[in-house]
Amino acid sequence: MHLAYPAVLAALLFSVGVYGVLARRNVVLVLMSVELMLNAVNLDLVAFDAWLRDSLHAGQALTLFVITVAAAEIGLGLAIVLLVFRTRGTADIDRITALGDPAEAAQAPAAADTLKGRAAA
Amino acid sequence: MNLALPVLVPALPALGAAATFATGRRAPGFARPLAILPVAASAVLALVVALQLGTGQVLEAATRLTPTGGPEISLAIQLDGYTSVITVLVGLVATCVQVYSTAYLKDDPRYPSYAALVSLFTAAMFVVVYSGDLIVLLVGWEVMGICSYFLIGHHWETADARSASLKAFLVTKLGDVPFVFGIFLLGADAGSFRISDVLSAAGHGQLGHPTLTALLLLAGVAGKSAQFPLHTWLPDAMAGPTPVSALIHAATMVAAGIYLVARLLPVFLLSGAALIVLAVMAAVTMIGSALCALAQDDLKRVLAYSTVGQLGYMAGALASGDREASVFHLVSHGAFKALLFLAAGVVIHAAHTNSISAMSRMPGLRRRVPDAYWTTGIALVALVGLPPFSGFFSKEAVLTAAEHAATGEAITNGVGPASAVPATAGWIVLVAACLTALITAAYATRLWLVAFHTPAAVPPAAPAPAPTGAEPGAPYSPEVDEADPATAEPSAMRWPLWVLAVPTMGFGIAGVRTDWLPALLDGGSLRPTPVTAVIGTGLAVAGILIAWAAWRSGTARVTAARLAAGRPLGPTAEGRVPGGATTPPAEQPPADPGRTLLGPLFGPARHGFGVDRLYTALFVRPAGAAAKLVRFLDREVVETYVRGTGLGAQLLGRAVRLAQTGNAQTYLSALLAGVVLLAVWAAV
Amino acid sequence: MSVLFAAAGPLEPAARSFLSPTGVEIVFLLVGVAVLGSALVAVTTKQLVHAALWLVVALGGLAVEFLLLTAEFIAWVQVLIYLGSVVVLVLFGLMLTKAPIGRSPDADSGNRWVALVVALAAAGTLVTLMVDAFRSAWIDLGAGGGSTQATGTSLFRHWVLPFEALSVLLLAALVGAVVLSRGGGRGTAPAPRAGRLRAGKPVGTPGRAVPPPQAGPDAGAPKPADPAPAASTTPPQER
């Protein structure tokens, strides 16, 4: 089998994940997109393992590790999301902007309002 | 001779000044002894040094100050008869002024700094006189200038004093810049800044540019000694306290320029052109300032213009090649002009005004200040030049020198060839000096008569001369406030007058015999020749008579007018002349012979012939406009750039701040886009 | 890269053409299209729960791809862990954060167009790179390369230490998740940090499909004593 097929598929899948991470509003969906990206990497790892056939089976072993780490990550990530949701009342990533520059909002409330309006739209 | 003595002469007042500066604020009680004692001690030392040096001796000592790679600068003293005479004069006047100031500025809160500055000035003057090195001389010269600046601005609360001090500083510095270059030129040509080396180089014809050097030096001399183009600061400098005017602006500092030319006369003798320039300068200064003095109403300004004119005499003597006569007149003028100023201070103290026309309305003024009255008379007679007062002898010496120069037999006393002095210079000086003698006599008489002898305008029964008697806008010195009529003449102000009156009356005799004063100087004769004596005295007497006649007729007219004005005061007056009848007699124009004598010239002369206005138009306005332009460039153009950078940074910061939304997705988008861009860039 | 090529053995580029695909390749491509399509739907759909379900399709398809690449053990792990647990966790997360059932018009943030540009640029770059680099690389699919036995052997022979370290990591993640989701120690304040966090935005903006937390402590908080509802009962302070 041509290595190009799994490689290109992985690349496209990764890009889809990137889009999801950057475009989704709900944090849970963002986490899902991260899973997509991880899986794209897994596909690459497996494909290259099958291509190289090294004695350590490094690709497959790393895939297993990635899957494990992904499981841990999704567990922790969801816990954090739940905590944020409980404290802030929302799971929308563009509403959790406490680390932004508050002076800007105070200084130019009009600008902040337009920002907020755009975010709400 | 012990070298420590001449060194101590300038050192003592300098130390006194430092001590006064250090203790003046904390222990004001020490200010008076610290002001008087060092100056008096250095005056005594100066006398001792002069006596030890004797006549015809020259003492030179030098130590190298610093290696410069070029002409060397050395800490040199050079003592001869000239320095002896002038230091004794400076010490005497400075001591008198310090003693006088203790009473004159008794209640002044800034007395310590004043006294320290006067002491420092005295030290600087001693340095200038004793110095054998031109650079060291320049240091003393500039220290004098800055002291003069501070002392003129002593009453810095008044705008007059502030602007006058600034004007004095700027005008003298204007002259000092070419002066410095003249010194550099001398040093470069002679290979040394030592005066003796310069003079020997001049004697051997090694100076490459004598005319240029002399003209550059003359600019500094004109600034310091208030000669014609740069004389305008001196009348304004009268805004300072009167003792300062006596010391700095009459007796010593303004004479420093004359002294310097006398010292470097061989250099000037190398250039006939420079001597003619000096002669023209002196002539214009003499006549113009005498005319101005005739028109002034402010007592101190009369004296200031008179000082300018007498300095013109000295410069004229130098232009005639006779430095002996010049220094002779310098010393006698220093004594009688200091006396005039100090006496004027007493009068102002008592009269509460500077205006002589206001004084003329004060009854009994001369009875309240008898010492000042008599000493003013003595000094004025000396100024006019009547025998046997000192002014007569010194002025005759100047006239004799000019006469000899005019006939081509200049008295140079071996300093240079007689042919070095152009006859033109002699003629210019001679004519101007004769004319000035006439006008000087006129304005001295006018001053004396108007200030003290105007018939009483109000009955003597009203003894209290109210300060409101002064004309509105009349010049008024703030330091006279504390005077009360009972102590119009404190003893500390009285006896310096008589001390100075002695040389005013007697110093002239010193020039009569060749082995007295001339032996100390160059050895030439200072005895007046009969022709000039008769001409000079005759002109003086003529001036006095003319002024007296004008005053008499003026007084008679005023009295008649007053009688005429007094008649309508009767019971029928009200219906006829309601406005004019109520004019009090004190408002009548005083009988001013100056107005009569000068005629149409009176107005311009009163304002210094508009030289100030001319300078304002020529220099002050363009400078002000340039300053405004620079201010505009700085405020609007440069500042815009500065503000623009700040604004740019601020705007950039605001823009960057906009990116700081707190939205993690935005950050991540930028990060990933950056990664992609970097990858593409690295690959391509 | 040259090392990789050297290790890859003979490439025989002339023998393989993209125009004469083998059967495995055809299957791989078909499944790949399905994976890609379902992934695209998962990141673009407006229905949040559907997104999770489409994710299941994509991940399952990937498991098939793993099988096709002879990594059978990983394929089953994928099915077990991803399909079995991760997606379930995601669904729980959606549920606990009160994700709306049905179409939600604001599922995508305002960053969408930027995201599209960045994703397309990344895709273009990566695909260009991959095609350029591995145009002629050929995977010799022999059986048994990814069998359970082979994987287990290598895992426990060569990768024991990372494996154990990973188990510690999992434990830490477990503990962390528990601590985080419980909201702190029992009884003590689970740190709803004073004022600012709570008052930063009014809780439960009107117009949002998400019901405000005042709806009931039972939905979002395991314990009635949880301070978050208690905090939210205080009137939201205005800025």
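**Salt bridges, interfaces and one threonine**

Colleague: How far apart are the closest N and O atoms in the salt bridge that R110(B) forms with E157(B)?
Modeller: By the rule, a salt bridge is a side-chain nitrogen of Lys or Arg within 4 Å of a carboxyl oxygen of Asp or Glu. For R110(B) and E157(B) in this predicted model, the closest N and O atoms are 3.1 Å apart.

Colleague: And how many residues apart are R110(B) and E157(B)?
Modeller: R110(B) is in the loop between α3 (81-104) and α4 (111-130) of chain B, while E157(B) is in the loop between α5 (134-152) and α6 (159-190) of chain B. Helices here are DSSP runs (H or I, at least four residues), strands are too (E, at least two), and both are numbered from the N terminus. The pair links distant parts of the chain, 47 residues apart.

Colleague: Before we go on, which pLDDT do side-chain atom pairs need to count?
Modeller: Residues are numbered from 1 along each chain as its sequence is written, and chains are lettered from A and ligands numbered from 1 in the order in which they are written. Side-chain values use heavy atoms, leaving out hydrogens and water, and in this predicted model totals for chains, interfaces and linings use all residues, local features need pLDDT of at least 70, and side-chain atom pairs count only at pLDDT 80 or more.

Colleague: Is D108(C) buried or exposed?
Modeller: The cut-offs are under 20% relative accessible area for buried and over 50% for exposed, with partly exposed in between (1.4 Å probe, protein chains only). D108(C) has 5% relative accessibility, so the class is buried.

Colleague: How many residues apart in sequence are the parts that K46(C) and D108(C) tie together?
Modeller: K46(C) and D108(C) form a salt bridge with their closest N and O atoms 3.9 Å apart. K46(C) lies in the loop between α2 (23-44) and α3 (48-68) of chain C, and D108(C) in the loop between α4 (72-96) and α5 (112-134) of chain C, so the parts tied together are separated in sequence by 62 residues.

Colleague: Which residues are joined into one network by salt bridges that share partners?
Modeller: Let me first clear a separate pair: D132(C) and R135(C) meet in a salt bridge at 3.2 Å, N to O. The network that shares partners is made of R24(A), K46(C), D108(C) and R112(C).

Colleague: How many salt bridges are there between chain C and chain A?
Modeller: One joins the side chains of D108(C) and R24(A) at 2.9 Å, N to O. The structure holds 17 over all chains, and between chain C and chain A the count is two.

Colleague: What area do chain C and chain A bury between them?
Modeller: The size of an interface is often given as the accessible area lost when the parts come together. Here buried area is just that, with a 1.4 Å probe and summed over both parts. The contact (heavy atoms within 4.5 Å) takes 104 residues from chain C and 79 residues from chain A. Carbon and sulfur atoms carry 73% of the buried area, which comes to about 8,400 Å².

Colleague: And which residues of chain B lose the most area to chain C?
Modeller: That contact takes seven residues from chain B and seven residues from chain C. The area buried is about 490 Å², 68% of it from carbon and sulfur atoms. Together giving 68% of what the side of chain B buries, the residues are Q665(B), S669(B) and V676(B).

Colleague: How many residue pairs are in polar contact between chain B and chain C?
Modeller: A polar contact is a pair of N or O atoms within 3.5 Å; within protein, one must be able to donate a hydrogen and the other to accept it, and residues adjacent in sequence count only if both atoms are side-chain atoms. The rule finds zero salt bridges across this interface. With both residues at pLDDT 80 or more, the pairs in polar contact number three.

Colleague: Which residues is T68(A) in contact with, leaving aside neighbours within four places in sequence?
Modeller: T68(A) is found in helix α3 (residues 58-88) of chain A, and is buried at 17% relative accessible area. Its side chain reaches the backbone oxygen of L64(A) at 2.6 Å. Beyond those neighbours, the contacts of T68(A) are L166(C) and L170(C).

Colleague: What share of the residues of chain A count as buried?
Modeller: Chain A has five helices and zero strands. Of its 121 residues, the share counted as buried is 63%.

Conventions: Buried area = accessible area lost by both parts, 1.4 Å probe.
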